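Subject: Structure handover

Hello,

Here is the structure for you to look through. Please open it alongside this email, as the notes follow its parts one by one.

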Amino acid sequence: MVIPTESEIISQFEDSDIALTIVCFSFNHAAFISSAIKGFLIQKTKFRFEIICYDDCSTDNSRDIIQSYKDNYPNLFTVIFPDENHFSKGRNPFIDKVLPHLKGRYISCCEGDDFWVDPNKVQLQLEFLEANPDYVLATHDVASVDQKGTLVKESCVSNYYKQDFSEVELKLGWAGPLTQALIYRNIYSSYPEEFHKVHLGDAFLAALLGEHGKSKYLETIKPSYYRLHNGGVFSPLGTDDRHDVQSLTFFWMYKYYKRVNDLNAAHVYKMKALEKLVRGIKFKDFVKLFLIRFFGINMTKLIKSRK
């Protein structure tokens with residue numbers, strides 16, 4: 001893979017205004033971060049882009065690697081190096097630290113352990129969105145690899161999601177776009193208070209974007225890659241833990257839509273939260289819940305009787 005120089009990249013831009021902000025989040029991604037950044041730099045596009053790299057106090061040499069790219073591409077890169085780890089304190093780095101720096105009309109986020117391989121990705125997505133203002137985002141297929149880069153799955157996107165979705169479908173969570181594949185319109189300068197409390201911000205973001213347009217699936221773009229490794233945030237979780245974080249996310253989305261009096265969306269996310277929770281409940285526990293709900297059986301006695 002030949003990586004162009006900064007002057008070669010800038011020479012292809014047809015406008016001085018920044019069309020796209022690419023946001024890369026890193027934490028202990030020293031082994032992977034170069035692959036992510038190279039995927040940004042190989043983009044062949046007439047649309048001007050900037051790259052913001054946020055490192056959440058890595059304990060490896062991730063910052064040194066990021067800084068070296070900043071030194072070689074000073075007009076493309078902005079680096080944000082906080083003094084403390086925000087994720088571990090329950091803060092959202094995107095909202096708290098990155099959001100004020102976004103200059104692009106569009107946004108794309110990619111974790112430092114994931115990467116793009118199609119040099120036409122940005123051009124194809126932005127070209128479509130510029131020509132179709134009724135669409136708020138464009139996405140594509142995603143494959144997965146292990147920490148050594150060996151292919152695990154050719155597609156992480158089920159066939160159902162390989163289609164366009166309406167505003168309503170997007171808002172109600174039926175579209176399921178994956179963060180690293182998205183390019184979306186830069187609409188929000190702030191986010192609801194409930195957004196700060198979710199574990200899966202991509203699900204909440206997609207729903208919010210559904211207030212402003214449709215979702216486009218572009219099958220002509222080569223899959224980007226999601227990396228499975230023990231240092232990831234979501235991929236190392238077991239099934240029960242995944243259901244827990246999903247149910248918590250859906251719960252806060254339910255609370256948000258209830259607060260803004262969108263009762264239909266609130267009901268949908270309440271049901272989604274419950275569906276994730278009940279996956280770990282045995283049939284006899286369903287019977288107990290039924291007895292509690294409809295016959296007023298004392299909950300304490302039923303719980304104590306559990307074996």
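A residue is called buried when its relative accessible area is under 20%, exposed when that area is over 50%, and partly exposed in between. With a relative accessible area of 2%, Ser144 is therefore buried. Please keep in mind throughout that this is a predicted model.

Strands E6 and E7

Ser144 belongs to strand E6, which covers residues 142-146. Not counting residues up to four places away in sequence, Ser144 touches Thr150, Leu151, Val152, Lys153, Cys156, Tyr225, Tyr226 and Leu228. One of these, Leu151, sits in strand E7 (residues 151-153). Is Leu151 buried or partly exposed? Its relative accessible area is 44%, so Leu151 is partly exposed. When neighbours within four places in sequence are left aside, the contacts of Leu151 are Ala143, Ser144, Val145 and Tyr225. Leu151 and Asp17 are 134 residues apart along the chain, and 38 Å separates their C-alpha atoms.

Strand E4 and its partners

Strand E4 spans residues 106-111, and five of its six residues are buried, so the rest of the structure largely encloses it. Which way do E4 and strand E1 (residues 20-26) run? They run parallel, joined by six bridges. Within this pairing, Leu20 has Tyr106 of E4 as its bridge partner. E4 also pairs with strand E8 (residues 183-185), this time in the antiparallel sense, over two bridges. Here Tyr106 is matched with Arg185 in E8. Tyr106 thus has a bridge partner in E8 as well as being the bridge partner of Leu20.

Helix H5 (residues 121-131) has these buried residues: Lys121, Val122, Gln123, Gln125, Leu126, Phe128 and Leu129. They pack against E1, E4, E5, E8 and strand E9 (214-217).

Ala36

Ala36 is part of helix H2, residues 33-41. Its relative accessibility is 0%, so Ala36 counts as buried. Beyond its neighbours within four places in sequence, Ala36 is in contact with Cys24, Glu111, Gly112, Asp114 and Phe115. Ala36 and Cys110 are 74 residues apart in sequence, while their C-alpha atoms are 7.6 Å apart in space.

The nonpolar cores

In soluble globular proteins, nonpolar side chains tend to be buried together. The largest nonpolar core in this model has 40 residues, and those with the most contacts inside it are Phe94, Val98, Leu102, Tyr184, Tyr191 and Leu209. Two or more residues each come from E1, E2, helix H4 (93-98), E4, strand E5 (135-139), helix H7 (201-209), H8 and H9. Which element gives the most to this core? The answer is H7, with six residues. Leu209 touches Val136, Leu137, Leu170, Tyr184, Arg185, Ile187 and Tyr188, again not counting residues up to four places away in sequence. Another core, of 34 residues, lies apart from the largest one; among its members are Ile65, Tyr73, Trp116 and Ile221.

The cavity

Rolling a probe the size of a water molecule over the atoms shows where empty space is left. How many cavities of 30 Å³ or more does the structure hold? There is one, and the space in it is about 80 Å³. Its lining is made up of Thr139, His140, Val157, Tyr161, Gln163, Phe165, Ala175, Gly176, Pro177, Leu178, Ser215 and Tyr217. Of the lining residues, seven are nonpolar, five are polar and none is charged.

Two residues with positive phi

Cys57 is not a glycine, yet it has a positive phi of about 60 degrees. Cys57 is located in the loop between strand E2 (49-55) and helix H3 (62-72). Its relative accessibility is 19%, so Cys57 counts as buried, the cut-off being under 20%.

Asn261 likewise is not a glycine and has a positive phi, of about 65 degrees. The loop that holds Asn261 runs between helix H8 (239-259) and helix H9 (263-278). Is Asn261 buried or exposed? At 57% relative accessibility, Asn261 counts as exposed.

Regards

Definitions and conventions. Residues are numbered from 1 along each chain as its sequence is written. This is a predicted model: local features need pLDDT of at least 70, side-chain atom pairs count only at pLDDT 80 or more; totals for chains, interfaces and linings use all residues. Side-chain values use heavy atoms; hydrogens and water are left out. On a 1 Å grid over the protein atoms alone, a cavity is a set of points where a 1.4 Å probe fits but cannot get out, and a pocket is an open set with protein on both sides within 12 Å along at least five of seven lines; lining residues have an atom within 4 Å of a point. Grid points are joined across faces, edges and corners, and a volume is the space filled by probe spheres set on the points. Ala, Val, Leu, Ile, Met, Phe, Trp, Tyr, Cys and Pro count as nonpolar, Asp, Glu, Lys and Arg as charged, and the others, Gly among them, as polar. Buried means under 20% relative accessible area, exposed over 50%, partly exposed in between (1.4 Å probe, protein chains only). Helices (H or I, at least four residues) and strands (E, at least two) are DSSP runs, numbered from the N terminus. Two strands pair if DSSP finds at least two bridges between them. Contact means heavy atoms within 4.5 Å. A nonpolar core is a set of buried Ala, Val, Leu, Ile, Met, Phe, Trp, Tyr and Cys residues joined through side-chain atoms within 4.5 Å.
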